[in-house]
Amino acid sequence: MSNHNDAKEIPPRAGRTEPFPRGKLMFLSPRPLPTGLPPVDHVHAIGEVNDAYLEFGTGVPSAFSWQATLGIPFGVFIMVAFIAPLIAAGLTLLQGYGATQAVAVLVDLFDTAGGSLLLVDLEDYF
């Protein structure tokens, strides 16, 4: 909260915002009512609580975060190893170089991108 008027500090209310030089402070809710029970965070959503701040959202990763962590690198690998060589071979055909040159481009890019990912030697067929 601001330091300009320490004598008459306004108690925080939910929804109140207070600007400061690098951002804006927003009060999410008033202090909780005492119940006599210990606080429980079943979903591990709260990282750290002290008198100054509450760090929210640093708990156990959700299912989506694991899917993104594993799926994005795998998807990039699939695109680099399989889709990019196919696009390059198709563009070679569109430029009029013929099937032999397109297969050579495809094989070279497969060897470069995936380390000899072809199980069948395509040059035998053309």
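Reader: How much accessible surface does the protein have, and what share of it belongs to carbon and sulfur atoms?

Author: Read the total and the atom share together. In this predicted model, the accessible surface comes to about 10600 Å². Carbon and sulfur atoms hold 65% of that area.

Reader: What percentage of the residues is buried?

Author: Buried means under 20% relative accessible area. Of the 126 residues in the protein, 10% are buried.

Reader: Which residue can serve as a case, and where does it lie?

Author: Take threonine 92, in helix α1, which spans residues 63–94.

Reader: Why does threonine 92 count as buried?

Author: Compare its value with the cut-off. Buried means under 20% relative accessible area. Threonine 92 has 9% relative accessibility, so this residue counts as buried.

Reader: Which residues does threonine 92 touch, leaving out those up to four places away in sequence?

Author: Neighbours in sequence are set aside here. Beyond four places, threonine 92 touches Tyr97, Gln101, Ala102 and Val105.

Reader: What share of contacts joins residues at least 24 apart?

Author: Start from contacts between residues at least 6 apart in sequence. Of these, 16% join residues at least 24 apart.

Reader: How many helices and strands are there, and in what order do the elements run?

Author: Count the elements, then follow the chain. The protein has two helices and four strands. From the N terminus on, the order is β-β-β-β-α-α.

Reader: How do β1 and β2 run, parallel or antiparallel?

Author: Look at direction and bridges. Strand β1 covers residues 17–20 and runs antiparallel to β2, with four bridges joining the two. One bridge pairs proline 19 with lysine 24 of β2.

Reader: What joins β1 to β2, and through how many residues?

Author: A hairpin makes the link, through two residues.

Reader: What is the volume of the largest pocket, and which lining residues are closest to its centre?

Author: Take volume before lining. The largest pocket has a volume of about 740 Å³. Its lining has 16 residues, and those closest to the centre are Phe27, Ser29, Ala52, Tyr53 and Leu54.

Reader: Which strands each supply at least two residues of that lining?

Author: Two strands fit: β2 (23–26) and β4 (54–56) each give the largest pocket at least two lining residues. So β2 appears twice in our tour, as a partner of β1 and in this lining.

Reader: How does the lining divide by class?

Author: Sort the residues by side chain. The lining of the largest pocket has twelve nonpolar residues, two polar and two charged.

Note on methods
Residues numbered from 1 in each chain as written. Predicted model: local features only at pLDDT ≥ 70, side-chain atom pairs only at ≥ 80, totals over all residues. Heavy atoms only, no water. 1 Å grid on protein atoms, 1.4 Å probe; cavity = no way out; pocket = protein on both sides within 12 Å on 5 of 7 lines; lining within 4 Å. Points joined across faces, edges and corners; volume = space filled by probe spheres on them. Nonpolar A, V, L, I, M, F, W, Y, C, P; charged D, E, K, R; others polar. Buried < 20%, exposed > 50% of the residue type's maximum accessible area, 1.4 Å probe, protein only. Contact = heavy atoms within 4.5 Å. Areas by Shrake-Rupley, 256 points an atom, 1.4 Å probe, with all protein chains shown as cover. Pairing = 2+ DSSP bridges.
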